[in-house]
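Here are some quick exercises on aromatic rings, each with a worked solution. Grab your viewer and try them before reading on.

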Amino acid sequence: MNYDYEYFKKEILSLTTIDLNSYKEKQMKRRIDTLIAKNKIVGYDKYIHALHTNQTLYDEFINYITINVSEFYRNPDQWEILDKTIIPELINKFGRNLKIWSAACSTGDEPYSLVMALSRHIPLNQIKIFATDLDKQVIAKAKVGVYAEKSIAAVPKELKDKYFTQIGPSYKISDEIKQRVEFKEHNLLKDTYPVEYNMIVCRNVLIYFTEEAKDEIFRKFCKSLARGGILFIGSTEQIINYKDVGFERKKSFYYEKP
């Protein structure tokens, strides 16, 4: 049998439900080959066997391919637009009990940033963020809520002082912020999407996907939003065909469902 990358993709889909065909192949294959070499395993077939029998290797693989680069208030200028313009408009349109989904939330930096941003406009006990990621390890880390100083560098000072406690070189986010976020495993490529959301935040994740996969996800996001709802994407992304997938462009990185 030819144990090539096509074989590997099929086996991974069967084992993990992750469809590697939806990721940019050259980039992803290079990452996977590097990981296999690091573990001193020769051949895709032997690596697949190891993933079936070794939980540590399996967890490492999932964590490695679900690219987790995250930080609080990433691209602060865009968060300022959120604070000054988007949140007030959403409250005016939908009221204070906003339904907000942080998709591909990684280690929690983004949903916790959303809670803090909303806390300037809405009492904390009225804030609820639904946060999802494919990787249960990063969700576990998010629930712990301990971060390096670098991760929280862009958090506005008054929010940092109010909601973080320094523990040695790290910073722990307060329980009152953590309690406002519900975490759940979710695969953007295969799972059902929630509906009637007022805002979806999915930033700097879809750059790793093929154009076809991105299109499909953007269409599903559009269906997930209520009319007048907002999609907030990352500074490395843009939706060229935003009208085709159902959006109007509101501002750079913000798209509205008409």
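**Rings in a predicted model**

At 12% relative accessibility, Phe-130 is buried. Keep in mind that the model is predicted.

**Exercise 1.** Classify the ring pair of Phe-130 and Tyr-197, and work out which strands the pair ties together.

*Solution.*
- Start with the geometry: the ring centres of Phe-130 and Tyr-197 are 6.3 Å apart, with the planes at 40°.
- Stacked needs planes under 30 degrees apart and edge-to-face needs over 60, so this pair comes out as tilted.
- Next, place the residues: Phe-130 belongs to strand S2 (residues 129–133) and Tyr-197 to strand S7 (residues 197–202), so the pair links parts 67 residues apart in sequence.
- Finally, check the partner: Tyr-197 has 10% relative accessibility and counts as buried.

**Exercise 2.** How many aromatic pairs does the count come to? Then take Phe-8 and Tyr-47 and say whether their pair is stacked, tilted or edge-to-face.

*Solution.*
- The count comes to 21 aromatic pairs.
- For Phe-8 and Tyr-47, the centres sit 6.2 Å apart and the planes make 25°, which is stacked.
- Phe-8 is in helix H1 (residues 5–16) and Tyr-47 in helix H3 (residues 44–53), so the pair joins parts 39 residues apart in sequence.
- Phe-8 is buried at 0% relative accessible area, and Tyr-47 is buried at 0% too.

**Exercise 3.** Which residues form one aromatic cluster with Phe-8 and Tyr-47, and which ring does the charged end of Lys-29 sit over?

*Solution.*
- The cluster brings in Tyr-5, Tyr-44 and Phe-61 alongside Phe-8 and Tyr-47.
- Lys-29 has its charged end over the ring of Tyr-5, 5.9 Å from the ring centre.

Key
Residues are numbered from 1 along each chain as its sequence is written. This is a predicted model: local features need pLDDT of at least 70, side-chain atom pairs count only at pLDDT 80 or more; totals for chains, interfaces and linings use all residues. Side-chain values use heavy atoms; hydrogens and water are left out. Rings of Phe, Tyr and Trp (its six-membered ring) pair if their centres lie within 6.5 Å; planes under 30 degrees apart count as stacked, over 60 as edge-to-face and the rest as tilted. Helices (H or I, at least four residues) and strands (E, at least two) are DSSP runs, numbered from the N terminus. Buried means under 20% relative accessible area, exposed over 50%, partly exposed in between (1.4 Å probe, protein chains only). A charge sits over a ring if NZ of Lys or CZ of Arg is within 6 Å of the ring centre and within 35 degrees of the ring normal.
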